[in-house]
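Colleague: Could you take me through one part of this model closely, and set that part against the chain as a whole?

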Amino acid sequence: MKRITVLTGGSSAERLVALASASQVVGALRERGHRVTVVDTVEGVLDAAAEQRLLSPRVAASALDVAELAVRERAVLLGGLLAEPVVTEADAVFLVLHGGRGEDGTLQHLLDLAGVRYTGSGAVASALAMDKDIAKRLFQEAGVPTADWVMHPADDTAVGNLGLPLVVKPSKQGSTVGLSVVRHLDELERAIRVAREHDDEVMLEAFVPGRELTVGILGDTALAVGEIIPAHELFDYECKYTPGMSQEIFPADLPPEITAEVQRLGLAAHRALKCSGYSRVDFRLTPDGRLYCLEVNTLPGMTATSLLPQSAAAVGIAFGELCERIARG
């Protein structure tokens, strides 16, 4: 039996996704005999009553005051949480955070300074993956195709070259939070304002039509390729976390050569960002058979409807074993 501390919650717009993921991870690790303590970066160490209140297997549909949460999280982290024995003396700190300080490398830097062993990618890789502009540049250098893009502000010619529809999104955010699809130029300014509510940098990206594919990476191995068929045009927040709003097929019904290419490019993208431990890489497959990498998720969701556990299950790795392997690093 190991002492494992699950670090979760956070102050990002994806806080509720993190708590739902933690509910699954904590249960799986305890079933395998580990002594698990849960720590919320906003509330601190959770007792049994707080776990019952906060951890739910479904992503709750409630509004968050992200600014207030960020203030509380800063106070907890600077107040010495990462020096607590429950963190420093754990055999492993299992990160179950999405977006914000928990996924952009900030928390990883603090854990490195504290000399704490944690799961997933390090500070540099986390920061690179979260910054979509930098990530796409590294994809190109590694020969991984990605959609054309510009950063706002951009001149009219550069924006026009991307064509319509246009995807407008925060450069450093996940779960499609703040993302809009612009079909007419008179919608562009509003879409930029929406994205700016979540980040100080906004990306304008060419829309890639086609099938939504994903592949999990565990260690240095690509897992099963899956296809997502969302109820909406894009695999947005509602489709990701509302049961019944998407059809997820693992393994995807693809020609063997396409499956192999997704796995090859997924590993190439993972390595290009210097990721380690595990990740999930998302793609679009166009009607004429071209693949475009959308992003690498360094701390992918672990909820009941999440894609990495499904990718692992399709190659015979059950959820408990997946958590065990991640914890072992």
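Modeller: In this predicted model, the protein chain has a radius of gyration of 19 Å, and because a compact globule of 329 residues would have one near 20 Å, the value agrees with that expectation. Taken along the principal axes, the C-alpha atoms fill a box of roughly 55 × 45 × 35 Å, and 55% of the 329 residues count as buried. Of the contacts in the protein chain with a separation of 6 or more, 67% are between residues 24 or more positions apart. The exposed area comes to about 14,000 Å², of which carbon and sulfur atoms supply 52%, while the mean positions of the 31 positive and 44 negative charges lie 4 Å apart.

The part I would single out is strand 4, from a secondary structure that comes to 13 helices and 13 strands. Strand 4 spans residues 92-96 and is mostly covered, with 5 of its 5 residues buried. In a regular strand the side chains alternate between the two faces of the sheet. Here Ala92, Phe94 and Val96 point one way from strand 4, whereas Val93 and Leu95 point the other way, and the residues on both sides are buried. As for its pairing, strand 4 runs parallel to strand 1, which covers residues 3-8, and 5 bridges join the two. Within this pairing, Val6 stands opposite Phe94 of strand 4, and Phe94 is one of the residues that point the same way as Ala92 and Val96.

Key:
Residues are numbered from 1 along each chain as its sequence is written. This is a predicted model: local features need pLDDT of at least 70, side-chain atom pairs count only at pLDDT 80 or more; totals for chains, interfaces and linings use all residues. Side-chain values use heavy atoms; hydrogens and water are left out. Buried means under 20% relative accessible area, exposed over 50%, partly exposed in between (1.4 Å probe, protein chains only). Helices (H or I, at least four residues) and strands (E, at least two) are DSSP runs, numbered from the N terminus. Two strands pair if DSSP finds at least two bridges between them. The radius of gyration is taken over C-alpha atoms; the globule rule is 2.2 Å times the number of residues to the power 0.38. Contact means heavy atoms within 4.5 Å. Accessible areas come from the Shrake-Rupley method with a 1.4 Å probe; for residues, only the protein chains shown count as cover. Lys and Arg count as positive and Asp and Glu as negative; His and the chain ends are not counted. The place of a charge is taken as NZ of Lys, CZ of Arg, CG of Asp or CD of Glu.
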